[in-house]
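Ready for a little practice in reading a protein model? Take a pencil, look at the picture, and work through the exercises below at your own pace.

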Amino acid sequence: MKHRSPLLTLAAVAVAFAIMFIVNMLSGPPGNSSTGTAGPSAAPQRPAAVQTTGPGPVSKET
Amino acid sequence: MASIPVPAPEAGPVEPSGTKIGPVVLAFAIGTAVSIGLGVYGRLHTPTGHAVNIAGFSTGAAAKAALASVAMALAIVQIVTALGIFGRIPLQGAWVGAVHRWSGRLAVLISVPVAVHCLYALGFEAYDGRVLAHSLFGCFFYGAFVFKMLILTRDDSPKWALPLAGGLVFSGLTALWTTAVLYFLIV
């Protein structure tokens, strides 16, 4: 017997990934009302730094 | 003229108990490909440095930490219910399986916004050990998840395959949480 529900779960996760990527691509850079910053989850909060998209690993922490 | 009986071709290597290792190897290969694909995307994609935030959180980091922590809590529910399903602890009843399935589904779905934020806004980075480990574990987690989901569709997998896959998924999420949220909380 083959179980289908895990494949449905996989599909749901894939769709969720796709939706989130599309939403991010359609949204503008910070400054739009619907967007936020890519605040690093692992670094001390530096509001000015995390708003930038300049070179270097400033906002690379995950 | 009598024909010589020809043995039926086997579908693949068969373990003594009648289980097949081939589908497990295939599922593992697909999971590995998913992991590598995510890593390659994260490396090649130019990080945007920004991503959609979730309403109600002060920063993207806070949102990610909260979502990842919920996923981690659900993963612990997964482990406890899995121990019950395999008879290692006295948990019985149909609800155990249902809780196991739905806690897993919710954990992975809740992790998706976090993962997309990491991939899209930050990319696969390796500028220090923690970030490299986090990037690797992120790719590993979703590959392990795909591996487990594919194994679940088969009844003929070896008995060790599902606990192994579940353990890999749980270990991946734990490592992810440790290298990001725990670091976020203590530093």
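Keep in mind that this is a predicted model. As a warm-up, note that 43% of the 187 residues of chain B count as buried.

**Exercise 1. Describe the build and overall form of chain B.**

Step 1: Start with the parts. Chain B contains five helices and one strand.

Step 2: Put them in order. Read from the N terminus, the pattern is α-β-α-α-α-α.

Step 3: Judge the form. The globule rule gives 16 Å for 187 residues, but the radius of gyration of chain B is 20 Å, so chain B is more spread out than a compact globule.

Step 4: Look at the box. Along the principal axes, the C-alpha atoms of chain B fill roughly 80 × 45 × 25 Å.

Step 5: Turn to the contacts. Among those in chain B with a separation of 6 or more, 71% join residues 24 or more positions apart.

**Exercise 2. Find out which elements supply the largest nonpolar core.**

Step 1: Get to know the core. It has 52 residues, and A68(B), F141(B) and L173(B) have the most contacts inside it.

Step 2: List the suppliers. At least two residues each come from α1 of chain A and from α1, α2, α3, α4 and α5 of chain B.

Step 3: Pick out the top supplier. That is α4(B), which gives 13 residues.

Step 4: Zoom in on one member. Beyond four places in sequence, L173(B) touches A71(B), M72(B), A75(B) and F141(B).

**Exercise 3. Work out how the buried residues of α1(A) are arranged.**

Step 1: Check the helix length. The 22 residues of α1(A) reach 31 Å from first C-alpha to last, close to the expected 32 Å.

Step 2: Name the buried residues. They are P6(A), V13(A) and M20(A).

Step 3: Find their side. These residues lie on the same side of α1(A), because they cover an arc of only 45° around the axis.

Step 4: See what covers them. The cover includes α3 and α4 of chain B.

Step 5: Turn to the face away from the buried side. Exposed residues there include L8(A), V15(A) and I22(A).

**Exercise 4. Decide whether K148(B) is buried or exposed, and describe its surroundings.**

Step 1: Locate the residue. K148(B) lies in helix α4 of chain B.

Step 2: Apply the cut-off. A residue needs 20 or more C-beta neighbours within 10 Å to be buried. K148(B) has 25, so K148(B) counts as buried.

Step 3: Name its contacts. Outside four places in sequence, K148(B) meets A165(B), G166(B) and V169(B).

Step 4: Look further along the chain. F28(B) is 120 residues away in sequence, yet its C-alpha is 8.5 Å from that of K148(B).

Definitions and conventions: Residues numbered from 1 in each chain as written. Chains lettered and ligands numbered in written order. Predicted model: local features only at pLDDT ≥ 70, side-chain atom pairs only at ≥ 80, totals over all residues. Core = buried A, V, L, I, M, F, W, Y, C linked by C-beta atoms within 7 Å. Buried ≥ 20, exposed ≤ 12 C-beta atoms within 10 Å, placed from the backbone. Helix = DSSP H or I, 4+ residues; strand = E, 2+ residues; numbered from the N terminus. Contact = placed C-beta atoms within 7 Å. Expected span 1.5 Å × (residues − 1). Arc of directions from axis to C-beta. Rg over C-alpha atoms; globule rule 2.2 N^0.38 Å.
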